[in-house]
Amino acid sequence: MTPTATAKTASQRDIDREIAEADGSRPGASHPARDYASYRSSVLRHPEQQLVVVEDPEAVELSGPVFGVTDVTGLDNDLTRRHAGEPLGERITVTGRVLDRDGRPVTGQLVEIWQANASGRYAHQRDAHSAPLDPNFTGTGRCLTDAEGRYHFTTIKPGAYPWRNHTNAWRPAHIHFSLFGQAFTQRLVTQMYFPGDPLFPYDPILQSVTEAKARERLISTYDHDLSVPEWSLGYRWDIVLDGPAATWMEEGR
């Protein structure tokens, strides 16, 4: 994913230098340190105190929200049908399986996504990007994994957006994923990227995952068999929760 040294631009060399100088850079590690220097907001947001030990974890889980098949409707996984009008942008299908460390499907799990619109703007009051909002696209959806551990979403391919982490900082197109276990205290968050994005080498968040294979597991695969004629393009992305092939998760973000 990273060009050769002779082909690198000055801004990319700056990113490389920041990554090399970061205290959190750990060669061979899938998870970056929580205070990864090149991802500047993590310096302010990472935990600095010891985790609080819960004396009765079962009581904590019982006090949390409860969800099930009756709480997730058939429209929740189609982000293009949440409003009266058609959203702008390239319609896509995103699907895959949630698997455990042994490759077994994880069934009945709540999967939620959120993303920017086709112009690279979130429907959020704190997003000050000058790109236009889409009145027919909110950018959130959810579903439950089926008996084979599959999830399925219809959405719009998100655009890149500036994020002011460093000079000329742009995030590659991505979709945020949140996965819940049997309770909301069991939550994992990650991001899915799209193949061939030219912004990969310039993104400190992706580059903070220093193990190349772990980075590659965050990138979806275009699957022509998933594409629907005159309707949508298809992308496949599996999520592995644990083990050597685990998907990178945003620990402590």
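Me: What makes the approach of the Asn-136 side chain to the backbone nitrogen of Gly-85 a polar contact?
Reply: In this predicted model, the side chain of Asn-136 reaches the backbone nitrogen of Gly-85 at 3.2 Å, and because a polar contact is a pair of N or O atoms within 3.5 Å, one able to donate a hydrogen and the other to accept it, the pair is counted as one. Leaving aside neighbours within four places in sequence, Asn-136 is also in contact with other residues, including His-83, Ala-84, Glu-86 and Pro-87.

Me: Why does Asn-136 count as buried or exposed?
Reply: Asn-136, which is placed in the loop between β2 (110-114) and β3 (140-144), has 19% relative accessibility and therefore counts as buried, since buried means under 20%.

Me: How do you know that β7 and β8 pair, and in which sense?
Reply: Two strands pair if at least two bridges are found between them, and β7 (residues 174-180) and β8 have 7 bridges in the antiparallel sense, so the condition is met. Within this pairing, Leu-188 in β8 is the bridge partner of Leu-179.

Me: Why is β8 called mostly covered?
Reply: Of the 7 residues in strand β8 (residues 187-193), 5 are buried.

Me: Which residues have the most contacts inside the largest nonpolar core?
Reply: They are Val-111, Tyr-151, Phe-153 and Phe-177, in a core of 36 residues, to which β1 (91-99), β2, β4 (150-156), β7, β8 and α4 (204-207) each supply at least two residues. Tyr-151 is in contact with Val-111 and Phe-177, among others, including Trp-237 and Ile-239.

Technical notes:
Residues numbered from 1 in each chain as written. Predicted model: local features only at pLDDT ≥ 70, side-chain atom pairs only at ≥ 80, totals over all residues. Heavy atoms only, no water. Buried < 20%, exposed > 50% of the residue type's maximum accessible area, 1.4 Å probe, protein only. Helix = DSSP H or I, 4+ residues; strand = E, 2+ residues; numbered from the N terminus. Contact = heavy atoms within 4.5 Å. Core = buried A, V, L, I, M, F, W, Y, C linked by side-chain atoms within 4.5 Å.
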